[in-house]
Amino acid sequence: MQRGQRTIRREIEYRGRGLFLGEEVSLKLRPQPGNTGIHFLRVDMPGSLPIPAHVGFLRGQTRRILLGRGEAEVEGIEHLMAALSGLSIDNLLIEITGREVPAGDGSAWVFTQL
């Protein structure tokens with residue numbers, strides 16, 4: 001039996017510092033329609049295209065995952081992606097104001113609580 005696709009019920013915002021760069025960053029998670037997938041959008045870079053959370057957009061990096069499309073890059077996505085996977089969320093737009101996802105408490109817990 002195949003399950004239906006899922007997204008979040010409403011828009012969610014979160015702010016924090018990245019673990020590696022230490023910059024203050026904000027996230028806005030927006031629900032998306034079915035068959036959209038999960039995408040990151042660097043809203044601090046006007047004109048940047050959404051970066052799909054897909055292995056085809058993986059760029060070399062050690063100790064963390066780095067995705068990129070054109071000049072826009074986003075890294076440190078592991079804990080956020082783990083939370084989304086654990087919650088079976090398939091479709092989401094993640095608007096981010098910097099290069100790195102906030103570290104929270106160093107686990108996926110903070111993202112599951114959002």
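Leu19, Phe20 and Leu21 make a nonpolar surface patch of about 290 Å² in this predicted model. Patches consist of residues with over 30% relative accessible area and no salt bridge, with like charges joined within 9 Å and nonpolar side chains (Val, Leu, Ile, Met, Phe, Trp, Tyr) within 5 Å. Accessible areas come from the Shrake-Rupley method with a 1.4 Å probe, and for residues only the protein chains shown count as cover. The model is predicted, so local features need pLDDT of at least 70 and side-chain atom pairs count only at pLDDT 80 or more, while totals for chains, interfaces and linings use all residues. Residues are numbered from 1 along each chain as its sequence is written, and side-chain values use heavy atoms, with hydrogens and water left out.

Leu21 sits in the loop between β1 (12-17) and β2 (24-31). Helices (H or I, at least four residues) and strands (E, at least two) are DSSP runs, numbered from the N terminus. Leu21 counts as partly exposed because its relative accessibility is 39%; buried means under 20% relative accessible area, exposed over 50%, and partly exposed in between (1.4 Å probe, protein chains only).

The patch residues meet Glu100, which is placed in the loop between β8 and α2. Glu100 is buried, at 3% relative accessibility. Its side chain reaches the backbone nitrogen of Phe20 at 2.8 Å, and a polar atom of the Glu100 side chain also lies 2.8 Å from the backbone nitrogen of Leu21. A polar contact is a pair of N or O atoms within 3.5 Å; within protein, one must be able to donate a hydrogen and the other to accept it, and residues adjacent in sequence count only if both atoms are side-chain atoms. Setting aside residues up to four places away in sequence, Glu100 touches Gly18, Leu19, Phe20, Leu21, Gly22, Val25 and Glu75. Contact here means heavy atoms within 4.5 Å.

Eight salt bridges are found in a search of the whole structure. A salt bridge is a side-chain nitrogen of Lys or Arg within 4 Å of a carboxyl oxygen of Asp or Glu. Side chains of opposite charge can pair when their charged atoms come close. The table gives some of these pairs.

| Pair | N to O distance |
|---|---|
| Arg30 and Glu11 | 2.7 Å |
| Glu73 and Arg59 | 2.9 Å |
| Glu73 and Arg99 | 2.5 Å |

Glu73 in strand β7 and Arg99 in the loop between β8 and α2 (109-113) are 26 residues apart, so this salt bridge links distant parts of the chain. Salt bridges that share partners join Arg59, Glu73, Glu75 and Arg99 into one network. Within it, Glu73 is buried at 16% relative accessibility. Arg59 is partly exposed, with a relative accessible area of 28%, and Arg99 is partly exposed at 26%.The strands around this network form antiparallel pairs. Strand β5 (residues 58-59) pairs with strand β6 (residues 66-69) over two bridges in the antiparallel sense, and Arg59 has Leu66 as its bridge partner in β6. Two strands pair if DSSP finds at least two bridges between them. Strand β7 (residues 72-75) is joined to β6 by four bridges, and the two run antiparallel. Ala72 in β7 is the bridge partner of Arg69. The hairpin of β6 and β7 has two residues between the strands, and in it Gly70 takes a positive phi near 60 degrees.

Elsewhere, Arg30 and Glu11 meet in a salt bridge. This pair links distant parts of the chain, with Arg30 in strand β2 and Glu11 in the segment before β1, 19 residues apart. Arg30 is partly exposed, with a relative accessible area of 26%, and Glu11 is partly exposed at 35% relative accessibility.

The side chain of Arg30 also makes a polar contact with the side chain of Glu95, at 2.9 Å. Glu95 lies in strand β8 (residues 92-96). Glu95 counts as buried because its relative accessible area is 14%. Not counting residues up to four places away in sequence, Glu95 touches Ser26, Leu27, Lys28, Arg30, Leu41 and Val43.

Lys28, one of the residues touched by Glu95, lies in strand β2. Lys28 is partly exposed, at 23% relative accessibility. Apart from neighbours within four places in sequence, Lys28 is in contact with Glu11, Ile12, Glu13, Leu93, Ile94 and Glu95. Lys28 and Glu13 are 15 residues apart in sequence, and their C-alpha atoms are 4.5 Å apart in space.
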